[in-house]
Amino acid sequence: MILSIVGLWAVWKFHNEKAIDHLYTLHSWLGLSCIILFSIQWAAGFWTFWYPGGSRSGRASLLPWHVFFGVFLYVLAIATSVSGLLEKSIFMQSAKMIGRFSMEAMLMNLLGMLLVLLGALVILAAISPGAGKIDTYRGSSE
């Protein structure tokens, strides 16, 4: 959360110094949505799962939603990262800083593909039933 705020401040400051408009790309909209939704997810999770007065049944009923939005936010973060790489690549190519098939462009594409692969593997690990995982959710202590 703190790093997100520092990142937003740095981007805002950079755009002000270079006289660049704010929030005009898909990357910026996705990033801001991701940070806002993550803040809500964090606050709701903190309130529900750390607040001492919360009931066990209330926590159990909110857990699937908490997990769903956690996975959704992870996918949104991956999409934001990949769109940021694409945006930077397009800006650098239009400014003739790099060529279409330059090593830098290929590295950005490879990094984007690795981010997507990482996202898929993390989601697979999160949703696949592991040994004892289902019993833990059901409250069994066997």
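1. Leu23 is a reasonable place to begin reading this predicted model, since Leu23 has a relative accessible area of 39% and therefore counts as partly exposed, falling between the 20% under which a residue is buried and the 50% over which a residue is exposed. Leu23 sits in the loop that runs between helix 1 and helix 2, and its phi is near 55°, which is a positive value in a residue other than glycine.

2. Helix 1, which covers residues 2–17, is the element before that loop; it has 16 residues and reaches 23 Å from its first C-alpha to its last, close to the 22 Å expected at 1.5 Å a residue. Just after helix 1, Ala19 takes a positive phi of about 55°. Within helix 1 one finds Trp12, which is partly exposed because its relative accessible area is 43%. Trp12 and His22 are 10 residues apart in sequence, and their C-alpha atoms are 7.5 Å apart in space.

3. For the chain as a whole, the count is 5 helices and 0 strands, and the pattern read along the sequence is α-α-α-α-α. The radius of gyration of the protein chain is 20 Å, well over the 14 Å that the globule rule gives for 142 residues, so the chain is more spread out than a compact globule. Taken along the principal axes, the C-alpha atoms fill a box of roughly 60 × 35 × 20 Å.

4. On burial and surface, 18% of the 142 residues of the protein chain count as buried. The accessible surface of the chain comes to about 10900 Å², and 73% of that surface belongs to carbon and sulfur atoms. Among the contacts between residues at least 6 apart in sequence, 60% join residues that are at least 24 apart.

5. Helix 3 deserves a careful look. Its 39 residues, 56–94, should span 57 Å at 1.5 Å a residue, and the C-alpha atoms at its ends are 56 Å apart, so the expected span and the modelled one agree. A reader who follows helix 3 along its course should nevertheless note a kink of about 35° at Leu62, shortly before the proline Pro64.

6. Which residues of helix 3 are buried? They are Leu73, Leu76, Ile78, Thr80, Ser83, Gly84, Leu85, Ser89 and Met92. As background to reading such a list, an α-helix has 3.6 residues a turn, so residues three or four places apart point the same way. The cover over the buried residues of helix 3 includes helix 2 (26–49) and helix 4 (103–127).

7. Cys34 gives a specific view of helix 2 against helix 3. Cys34 is found in helix 2 and is buried, because its relative accessible area of 14% is under the 20% cut-off. Leaving out residues up to four places away in sequence, Cys34 touches Leu73, Leu76, Ala77 and Thr80, and among these Leu73, Leu76 and Thr80 also belong to the buried residues of helix 3. The C-alpha atoms of Cys34 and Thr80 are separated by 8.0 Å, although the two residues are 46 places apart along the chain.

8. The aromatic side chains merit a separate point. A search of the whole structure finds 5 aromatic pairs. In the pair formed by Phe68 and Phe69, the ring centres are 5.0 Å apart and the planes stand at 70°, so the pair is edge-to-face, the class for angles over 60 degrees. Trp65, Phe68, Phe69 and Phe72 together form one aromatic cluster. Where the surface is concerned, Phe68 counts as partly exposed because its relative accessibility is 45%, and Phe69 likewise counts as partly exposed because its relative accessibility is 36%.

9. The last point concerns the stretch that follows helix 3. Is Lys96, in the loop between helix 3 and helix 4, buried or exposed? At 72% relative accessibility, Lys96 is over the 50% cut-off and so counts as exposed. Just after helix 3, Lys96 also takes a positive phi of about 60°, and this is a positive value in a residue other than glycine.

Key: Residues numbered from 1 in each chain as written. Predicted model: local features only at pLDDT ≥ 70, side-chain atom pairs only at ≥ 80, totals over all residues. Heavy atoms only, no water. Helix = DSSP H or I, 4+ residues; strand = E, 2+ residues; numbered from the N terminus. Expected span 1.5 Å × (residues − 1). Bend = angle between axes of the 7 residues up to and from the residue. Buried < 20%, exposed > 50% of the residue type's maximum accessible area, 1.4 Å probe, protein only. Contact = heavy atoms within 4.5 Å. Phe/Tyr/Trp six-rings, centres within 6.5 Å; stacked < 30°, edge-to-face > 60°. Rg over C-alpha atoms; globule rule 2.2 N^0.38 Å. Areas by Shrake-Rupley, 256 points an atom, 1.4 Å probe, with all protein chains shown as cover.
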